[in-house]
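Got your viewer open? Let's take a walk through this model, one selection at a time.

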Amino acid sequence: MKLGLVELLRRPLRFGVAGSALVLLAVLLLFLGGLLDGLYLGSTGALRAQPAPLVTFSSDARESLIRSRISPELRADIESVPGVASTAGLGIALVGGRVPGEDELANLAVAGFEQPVRSMPAEVDLAPDEALADRSLEAAGVSVGDTVEVGSGETPIEVVGWVEDTDYLQQGGFWVQPDTWRQVLAESRPDAVLPDGTFQVVTVSVEPGADADEVAAAIDAATDGATSTLTREEAVLALPGIQEQNATFGAIIYVTLFVAGLVIALFFALLTLERTGLYGVLEAIGASTRQIFAGVVAQSVAVAAVSFAVGLAVMLGLSQLLPAEVPVAIETSRVVQIGVGLVVMSALGAAVSLRRVVRVDPASAIG
C-alpha cells in the first residue's frame with residue numbers, strides 16, 4: 001500500500017486522465033443530487049414542516065391536498081377517535097403575488113393554518129392582512145415590510161417575518177390566517193370556495209403512547225371511509241410526481257456511479273498491463289499479491305477522494321452562478337452519500353485488476 005501511495009505522490013500526472021474523468025463525474029453526480037434535493041425540498045416543505053405525525057384527507061381527493069375537503073362535521077368525527085389529541089386545519093392556494101418594485105409575479109403557496117409549523121414561534125398572532133413568508137421568496141424580491149398584492153383579487157398582505165423550508169410544489173410558502181386564505185382562494189378560484197370551518201386537510205396529533213398507524217386506521221374506520229389518513233411521510237410521497245422524481249433521479253445517479261467504476265476499472269486494467277514487469281520484480285523479491293493489490297486499491301481510493309474534493313469545490317462554485325429558477329440544494333447527507341459511493345465504486349473498479357496481478361509470473365514477467 002505504501003509503495004502505491006508513494007508512486008501516486010511522485011507521479012501524479014500518470015493518474016491525471018482517470019482523475020479528470022472522475023472530477024467530471026463527481027460534478028455531474030453532485031448536480032443531479034443537488035437538483036433532486038432542490039426539487040424535493042421545494043415541493044414538500046409545507047407538509048414536512050408540520051409538527052403533527054398524521055395528515056387526514058377526504059377519501060374522494062385521492063390524497064391530493066388541493067382537491068381534499070374536511071368539513072367541521074367530519075373533523076368532529078376525527079377528534080372523537082381514541083388516541084387523537086388534537087387536530088389543526090390546513091389549506092393551500094397556489095396563486096401569483098405582485099411584489100413592490102418587481103415586474104414578474106412571485107409564485108406563492110398561500111397557506112391558511114391553525115397550528116404553527118416548525119420554523120414559527122410557538123405562538124403566532126397574525127392580523128388578517130399579515131403573512132409570514134418563506135425565505136425562498138427573497139429571490140423573488142420579497143422583503144419584510146413589503147405589502148404583496150396576492151391572487152386575482154390583489155389582496156394586500158404585509159410580510160411581517162420569515163419562515164424556513166415551507167414551500168409547496170415549487171411555490172414559496174406564504175402563511176396567513178385561515179380567513180385570509182379562504183378570501184384569496186375564493187377570489188382566485190371561485191369554483192373552490194370553502195365555507196367557514198372547512199379546510200382542505202387536517203393534521204392530527206396523537207396522544208402520548210398512542211401508535212400513529214393504529215390511530216390513522218381508527219380515524220378512517222370512524223368516518224366510514226370518508227377520510228384517508230396518512231403519516232406525514234406518506235403524505236409527502238403522495239404529492240404529485242415526488243416518487244417518480246425520486247426514482248428517476250436515483251436511477252440516473254446509480255448508473256453514473258456505475259460508469260465511474262467502469263472508468264477506474266479500465267484505467268487500472270491498462271495500468272496493470274503496463275506494470276507487469278514491475279509486479280514480477282516485486283514478487284521476485286518477496287512482495288505478496290495482497291501487498292501489491294492493496295497498493296492498487298489505495299491508489300484508486302486516493303484518486304477518487306481527491307477527484308471528489310475537486311468536483312465538490314467546482315460544484316459549490318457553479319451553484320453560486322446558477323439562476324434562482326434552478327432549484328439546486330447542496331445537502332450534506334447527499335454529498336456524503338455521493339462521496340462514499342464514488343470511493344466504493346472506484347475501489348471495486350480497481351479490484352478488476354486483481355486477476356491480472358494474481359496471474360503475474362515473476363520469471364516470465366522479468367524474462
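Start by selecting D191 and R189, whose side chains meet in a salt bridge, 3.7 Å from N to O. Keep in mind as you look that this is a predicted model. Now switch on the surface: are these two buried or exposed? D191 has 65% relative accessibility, so it counts as exposed. R189 comes in at 33%, so it counts as partly exposed. Why would two such side chains pair up at all? Side chains of opposite charge can pair when their charged atoms come close.

Stay with R189 and add A93 to your selection. In sequence, A93 and R189 are 96 residues apart, yet their C-alpha atoms are 8.6 Å apart in space. A93 belongs to strand β2, which covers residues 84-98. With a relative accessibility of 4%, A93 is under the 20% cut-off, so it counts as buried.

**More salt bridges**

How many salt bridges turn up in a search of the whole structure? The search finds 9. Let's visit two more of them.

Select helix α4, residues 178-188, and show the side chains of D179 and R182. These two form a salt bridge, with their closest N and O atoms 3.4 Å apart. They sit 3 residues apart in the helix, so about one helical turn separates them. Check R182 on the surface too: its relative accessibility is 9%, so it counts as buried.

Next, jump to helix α3, residues 72-79, and pick R75 and E79. Their side chains also meet in a salt bridge, this time at 3.5 Å from N to O. Within the helix the two are 4 residues apart, which is about one turn. How covered is each partner? R75 has 13% relative accessibility and therefore counts as buried, whereas E79, with a relative accessible area of 39%, is partly exposed.

**A covered strand**

Now hide the side chains and select strand β7, residues 172-176. How many of its 5 residues are buried? The count is 5 of 5, so the strand is mostly covered. Bring the side chains of β7 back and look along the strand. G172, F174 and V176 point one way, while G173 and W175 point the other way, and all of them are buried.

Which strands pair with β7? Select β3, residues 106-113, and you'll find 5 bridges joining it to β7, with the two strands running parallel. To see a matched pair, click A111: it stands opposite W175 in β7. Then select β4, residues 130-134, which is joined to β7 by 2 bridges and runs antiparallel to it. Here the pair to click is A133, which stands opposite F174 in β7.

**Two patches on the surface**

Turn the surface display back on and color by charge. Select E63, D211, D213, E214 and E234, which gather in a patch of negative charge on the surface. Zoom in on D211, found in the loop between β8 (201-206) and α5 (212-222). Its relative accessibility is 36%, so D211 counts as partly exposed.

For a patch of another kind, select V306, V310, V314, L318 and L321. Together they form a nonpolar patch on the surface, with about 440 Å² of accessible area. L321 is located in helix α9, residues 289-321. At 68% relative accessibility, L321 is over the 50% cut-off, so it counts as exposed.

**Two backbone oddities**

Last stop: go back to the backbone and pick R62, in the loop between β1 (54-58) and α3. What is its phi angle near? Phi of R62 is near 55 degrees, a positive value in a residue other than glycine. R62 has 72% relative accessibility, so it counts as exposed.

Then select E154, in the loop between β5 (147-150) and β6 (155-163). E154 also has a positive phi without being glycine, near 50 degrees. Its relative accessible area is 44%, so E154 is partly exposed.

Conventions:
Residues are numbered from 1 along each chain as its sequence is written. This is a predicted model: local features need pLDDT of at least 70, side-chain atom pairs count only at pLDDT 80 or more; totals for chains, interfaces and linings use all residues. Side-chain values use heavy atoms; hydrogens and water are left out. Patches are made of residues with over 30% relative accessible area and no salt bridge: like charges are joined within 9 Å, nonpolar side chains (Val, Leu, Ile, Met, Phe, Trp, Tyr) within 5 Å. Accessible areas come from the Shrake-Rupley method with a 1.4 Å probe; for residues, only the protein chains shown count as cover. A salt bridge is a side-chain nitrogen of Lys or Arg within 4 Å of a carboxyl oxygen of Asp or Glu. Lys and Arg count as positive and Asp and Glu as negative; His and the chain ends are not counted. The place of a charge is taken as NZ of Lys, CZ of Arg, CG of Asp or CD of Glu. Buried means under 20% relative accessible area, exposed over 50%, partly exposed in between (1.4 Å probe, protein chains only). Two strands pair if DSSP finds at least two bridges between them.
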